[in-house]
Amino acid sequence: MPNIKGKIYSKVDDKPIKGVGIFVSKFAINRMNDTIKTDDNGAFLYNGFFVDNYSDLRSASSMIQQVFYLNNHEIYKYIDVKRYYNKNDYNKKDTIDLGIIYFENLKSIERGSVPE
């Protein structure tokens with residue numbers, strides 16, 4: 001899983017949103033120790049992980065989560081980063097740059113439906 005970076009912006013005023021929490025399920029193999037928060041510029045960086053051999057990747061692939069959940073003042077959204085990026089080099093790059101992501105354009109999810 002490559003590193004993922006991007007910037008979360010508000011479509012309302014076309015400005016970055018500070019403090020958006022980004023996380024995956026705690027049961028995913030690529031879970032984060034702490035929720036990532038966007039900085040003053042709306043930027044975030046998820047440090048991916050790499051496996052040493054193909055057999056490790058095959059056994060882990062079903063537990064790797066490509067869906068990231070975002071929380072902005074108790075409004076929850078989600079993004080499938082692999083589909084959003086939508087290029088063939090996803091697993092060949094060290095870092096995937098998603099660019100500017102508008103929070104309002106992401107799909108909503110009810111708080112009770114967000115996986116732990």
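Before we start, one term: strands here are DSSP runs of E with at least two residues, numbered from the N terminus. By that reading, N71 is found in strand β6. Keep in mind too that this is a predicted model.

**Exercise 1. Get your bearings**

Work out how many helices and strands the protein has, and in what order the elements run.

*Solution.*
- Step 1: Begin with the count, which comes to two helices and nine strands.
- Step 2: Walk along the chain from the N terminus, and the elements read β-β-β-β-β-α-β-β-α-β-β.
- Step 3: Turn to the contacts with a separation of 6 or more, where residues 24 or more positions apart account for 66%.
- Step 4: Look at burial and surface. Of the 116 residues, 39% count as buried, and the protein exposes about 7,500 Å², with carbon and sulfur atoms supplying 45% of that area.

**Exercise 2. Lay out a sheet**

Find the strand order of the open sheet of five strands, and say which strands are at its edges.

*Solution.*
- Step 1: Trace the order, which is β4-β3-β6-β7-β9, with antiparallel pairing.
- Step 2: Check the ends. β4 (36-37) and β9 each pair on one side only, which makes them the edge strands.
- Step 3: Take the pairing of β3 and β6. Strand β3 (residues 21-23) meets β6 in the antiparallel sense over three bridges, and one bridge pair to look up is G21 with N71.
- Step 4: Move on to β6 and β7, an antiparallel pair with six bridges. Among the bridge partners are F68 with I79 and N72 with I75.
- Step 5: Follow the chain between these two strands. They form a hairpin with two residues between them, and H73 in the turn has a positive phi of about 55 degrees.
- Step 6: Ask how covered β6 is. Five of the six residues in this strand (residues 67-72) are buried.

**Exercise 3. Follow the side chain of N71**

Identify which polar partners the side chain of N71 has.

*Solution.*
- Step 1: Look for a backbone partner. The N71 side chain reaches the backbone nitrogen of E74 at 2.9 Å.
- Step 2: Look for a side-chain partner. Y76 supplies one, in a polar contact of 3.2 Å with the side chain of N71.
- Step 3: Add the wider surroundings. Setting aside residues up to four places away in sequence, N71 touches G19, V20, G21, F23 and Y76.

**Exercise 4. A buried lysine**

K77 is buried: which side chain of opposite charge is nearest, and what polar partners does K77 have?

*Solution.*
- Step 1: Place the residue. K77 lies in strand β7 (residues 75-80).
- Step 2: Test for a salt bridge, for which the cut-off is 4 Å. The nearest side chain of opposite charge belongs to E104, 7.1 Å away, and K77 has no salt bridge.
- Step 3: Search for polar atoms. The backbone oxygen of L106 lies 3.3 Å from a polar atom of the K77 side chain, and the side chain of S108 makes a polar contact with that of K77 at 3.2 Å.
- Step 4: List the neighbours. Beyond four places in sequence, K77 is in contact with F68, Y69, L70, F103, E104, L106, K107, S108 and I109.

**Exercise 5. Cross over to S108**

Is S108 buried or exposed, and which residues does S108 contact beyond four places in sequence?

*Solution.*
- Step 1: Locate S108 in strand β9 (residues 107-108).
- Step 2: Compare its accessibility with the cut-off for exposed, over 50%. S108 has 54% relative accessibility, so this residue counts as exposed.
- Step 3: Collect the contacts, which are Y76, K77 and Y78.
- Step 4: Take one of these as a distance check. The C-alpha atoms of S108 and Y76 are separated by 5.9 Å, although the residues are 32 apart along the chain.

**Exercise 6. The surroundings of β1**

Explain why β1 counts as largely enclosed, and find which strands pair with β1.

*Solution.*
- Step 1: Count burial. Six of the eight residues of β1 (residues 3-10) are buried, so the strand is largely enclosed by the rest of the structure.
- Step 2: Find the parallel partner. Strand β8 (residues 95-102) pairs with β1 in the parallel sense over six bridges, and I8 has I101 as its bridge partner.
- Step 3: Find the antiparallel partners. Four bridges join β1 to β5 (residues 43-46), including I4 with Y46. Two bridges link β1 to β2 (residues 15-16), where Y9 stands opposite P16.
- Step 4: Finish at the hairpin of β1 and β2. Four residues sit between the strands, and D14 takes a positive phi near 55 degrees.

Notes:
Residues are numbered from 1 along each chain as its sequence is written. This is a predicted model: local features need pLDDT of at least 70, side-chain atom pairs count only at pLDDT 80 or more; totals for chains, interfaces and linings use all residues. Side-chain values use heavy atoms; hydrogens and water are left out. Buried means under 20% relative accessible area, exposed over 50%, partly exposed in between (1.4 Å probe, protein chains only). Lys and Arg count as positive and Asp and Glu as negative; His and the chain ends are not counted. A polar contact is a pair of N or O atoms within 3.5 Å; within protein, one must be able to donate a hydrogen and the other to accept it, and residues adjacent in sequence count only if both atoms are side-chain atoms. Contact means heavy atoms within 4.5 Å. Two strands pair if DSSP finds at least two bridges between them. Accessible areas come from the Shrake-Rupley method with a 1.4 Å probe; for residues, only the protein chains shown count as cover.
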